Amino acid sequence: MMFLSNRTLGEVVKVQVKFKLNAYMSAFMGLIIVQILGIFISLDGTNSMGSGWNNISVNVSLVSNDLIFLFVAIWAFFVGHLMTTKAYLYDDFSFVTTRLSSNLANIIVLFLMSLFAGATSILTNYVGRVILLLFDKVDYMRSPGLLDDPLSSILNFIVVTLLILTIASSGYLVGMLTQKNKLLLLFLPVIVIGLLMADLWPTVLQFLFYENVSMWIFLVKLLIITITCFALAIVSSNRLEVRP
């Protein structure tokens, strides 16, 4: 006796997410390596300033996580783009799937990766403190921590995570567009350079990062951009075949 069972979209996506998380484990390892590299480069290039009075000298070093986040942002863009390459798109052949379920699974995986990247990026600040205390002549160290202002720390985590997801979504969109039209891959550097040289680019950056009454408005902007990128990626992938 034979039975036919119809699996719901949610069940298919859940199975794909588990499979993709295992398949993309090397991406998590790449993130850790990138962050470790960023930590040591940041500590090596610390900004210092000193002053002296009555034979007493004080040297103050400022350490920032900006370079680490830059490395993580590049990682997020390439991971989002990597998911759209044929080698990874063909992983869907293991499932009875649709392009919609594949896109939804990719979006969930990118979201989970962004959560991990956001948490570890914030924790690199504490790793940097430990390294300075162990291997540098530091007598006193002060930096805001999680317990000093929990709400602000949670908000910073949300902002960093969503910003990483936004960058990953832009890489995912670019990957889908280049899969649909290979010529776009040739013109993409020209388009990017043109945007950087145009007067429109500073205006866009000012709108995103400076013209914000509160952090919540900035989050809404990032959320809109992320949803737009994923929506355009899903629409552009409709003409891509699941099987070659």
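## F77 and its neighbour

F77 sits at 27% relative accessibility, so it counts as partly exposed. That label fits because partly exposed covers the range between under 20% (buried) and over 50% (exposed). Keep in mind that this is a predicted model.

What about F78? With a relative accessible area of 55%, F78 is exposed.

The structure holds three aromatic pairs. In one of them, the ring centres of F77 and F78 are 6.0 Å apart and the planes stand at 90 degrees, so this pair is edge-to-face.

## T84, tucked into a loop

Now look at the loop that runs between α3 (66-82) and α4 (86-89): that's where you'll find T84. Is T84 buried or exposed? Its relative accessibility is 0%, so T84 counts as buried.

Which residue offers its backbone oxygen to the side chain of T84? It's H81, whose backbone oxygen lies 2.6 Å from a polar atom of the T84 side chain.

## Stepping back to the whole protein

Counting up the elements, you get nine helices and two strands. Follow the sequence along and the order reads α-α-β-β-α-α-α-α-α-α-α.

The protein has 244 residues, and 34% of them are buried. As for the surface, about 15,800 Å² is exposed, with carbon and sulfur atoms supplying 71% of that area.

How do parts of the sequence meet up? Take the contacts with a separation of 6 or more: residues 24 or more positions apart account for 77% of them.

Key:
Residues are numbered from 1 along each chain as its sequence is written. This is a predicted model: local features need pLDDT of at least 70, side-chain atom pairs count only at pLDDT 80 or more; totals for chains, interfaces and linings use all residues. Side-chain values use heavy atoms; hydrogens and water are left out. Helices (H or I, at least four residues) and strands (E, at least two) are DSSP runs, numbered from the N terminus. Buried means under 20% relative accessible area, exposed over 50%, partly exposed in between (1.4 Å probe, protein chains only). A polar contact is a pair of N or O atoms within 3.5 Å; within protein, one must be able to donate a hydrogen and the other to accept it, and residues adjacent in sequence count only if both atoms are side-chain atoms. Contact means heavy atoms within 4.5 Å. Accessible areas come from the Shrake-Rupley method with a 1.4 Å probe; for residues, only the protein chains shown count as cover. Rings of Phe, Tyr and Trp (its six-membered ring) pair if their centres lie within 6.5 Å; planes under 30 degrees apart count as stacked, over 60 as edge-to-face and the rest as tilted.
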